Amino acid sequence: MFRTPARLFRVLAIAEAITWTLLISALIARAVGLSPVLVTIAGGIHGFVFLSYGATAVLLAFNQRWHVGVAITAIASAIVPYATIPAEIWLHRTGRLEGDWRLTETDDPRDRTWYDRTMRWFLHRPWMLALLILAAVAAIFAVLLLLGPPGGK
């Protein structure tokens, strides 16, 4: 399913936009008198996908060798509702999502950095990479839950 970086990024960009819809719908539902638990559920789902999108953007920033500004733009697009879709389109149209996963070392000196070697090691073990990302997202998610909702109560 995620044979290319572009495919993985597209799926998470769309998922992030869908969860924005869930969250906004739940906020509207609460405003018209429906149960506030809808916001808790939709917020949790959105938060988890938001963090997953951010982790994926970081992974792709390394794999695709994006400049810092491009990486920040990709990550920050999750903050604005639905902005992940135009960000994905822009990255695709500018060729920043082209290519495969960098699984082998080349003559490029950048392939010899510790983070490139580490990324390749994980890319050769996709289940371990998925578990690592899931664990990191879950840990951040747990910390954010302990801190409480935005605006606090």
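Buried here means under 20% relative accessible area, exposed means over 50%, and partly exposed is what falls in between, using a 1.4 Å probe and protein chains only. By that yardstick Trp90 is partly exposed, at a relative accessible area of 34%.

Some ground rules before going on. This is a predicted model, where local features need pLDDT of at least 70 and side-chain atom pairs count only at pLDDT 80 or more, while totals for chains, interfaces and linings use all residues. Residues are numbered from 1 along each chain as its sequence is written, and side-chain values use heavy atoms, with hydrogens and water left out.

**Overall picture**

The protein has 6 helices and 0 strands, with helices (H or I, at least four residues) and strands (E, at least two) taken as DSSP runs numbered from the N terminus. Along the sequence that reads α-α-α-α-α-α. The C-alpha atoms fill a box of roughly 60 × 30 × 30 Å along the principal axes. Of the 153 residues, 33% are buried. The accessible surface is about 9500 Å², and 72% of that belongs to carbon and sulfur atoms; the areas come from the Shrake-Rupley method with a 1.4 Å probe, and for residues only the protein chains shown count as cover. Taking contact as heavy atoms within 4.5 Å, 63% of the contacts between residues at least 6 apart in sequence join residues at least 24 apart.

**H2 against H5**

Helix H2 (residues 37-63) packs on helix H5 (residues 114-123) at about 115 degrees, with the axes 10 Å apart. Those axes are lines fitted to C-alpha atoms, for helices over the stretch in contact, and the angles run from 0 to 180 degrees between N-to-C directions. On the H2 side the contact is made by Leu59, Phe62 and Asn63, and on the H5 side by Tyr115, Asp116, Met119 and Leu123. By class that gives 5 nonpolar, 1 polar and 1 charged residues. Here Ala, Val, Leu, Ile, Met, Phe, Trp, Tyr, Cys and Pro count as nonpolar, Asp, Glu, Lys and Arg as charged, and the others, Gly among them, as polar.

H5 also holds Arg120, which is buried at a relative accessible area of 6%. Leaving out residues up to four places away in sequence, Arg120 touches Arg102, Leu103, Thr104, Glu105 and Asp111.

**Around H4**

Helix H4 has Thr84, Ala87, Glu88 and Leu91 buried. They cover an arc of only 100 degrees around the axis, so they sit on the same side of H4; the arc is that of the directions from the helix axis to the C-beta atoms. Their cover includes helix H1 (5-31), H2 and H3.

Back to Trp90, which is also found in H4. Trp90 touches Val70, Thr73 and Arg96, again not counting residues up to four places away in sequence. Trp90 and Gly54 are 36 residues apart in sequence and 17 Å apart in space, C-alpha to C-alpha.

**Positive phi**

Most residues other than glycine have a negative phi. Two residues here go the other way without being glycine:

| Residue | Phi | Location | Relative accessible area |
|---|---|---|---|
| Arg65 | about 55 degrees | loop between H2 and helix H3 (68-76) | 24%, partly exposed |
| Tyr82 | near 70 degrees | loop between H3 and helix H4 (84-93) | 37%, partly exposed |

Gly95, which follows H4, has a positive phi as well, near 80 degrees.
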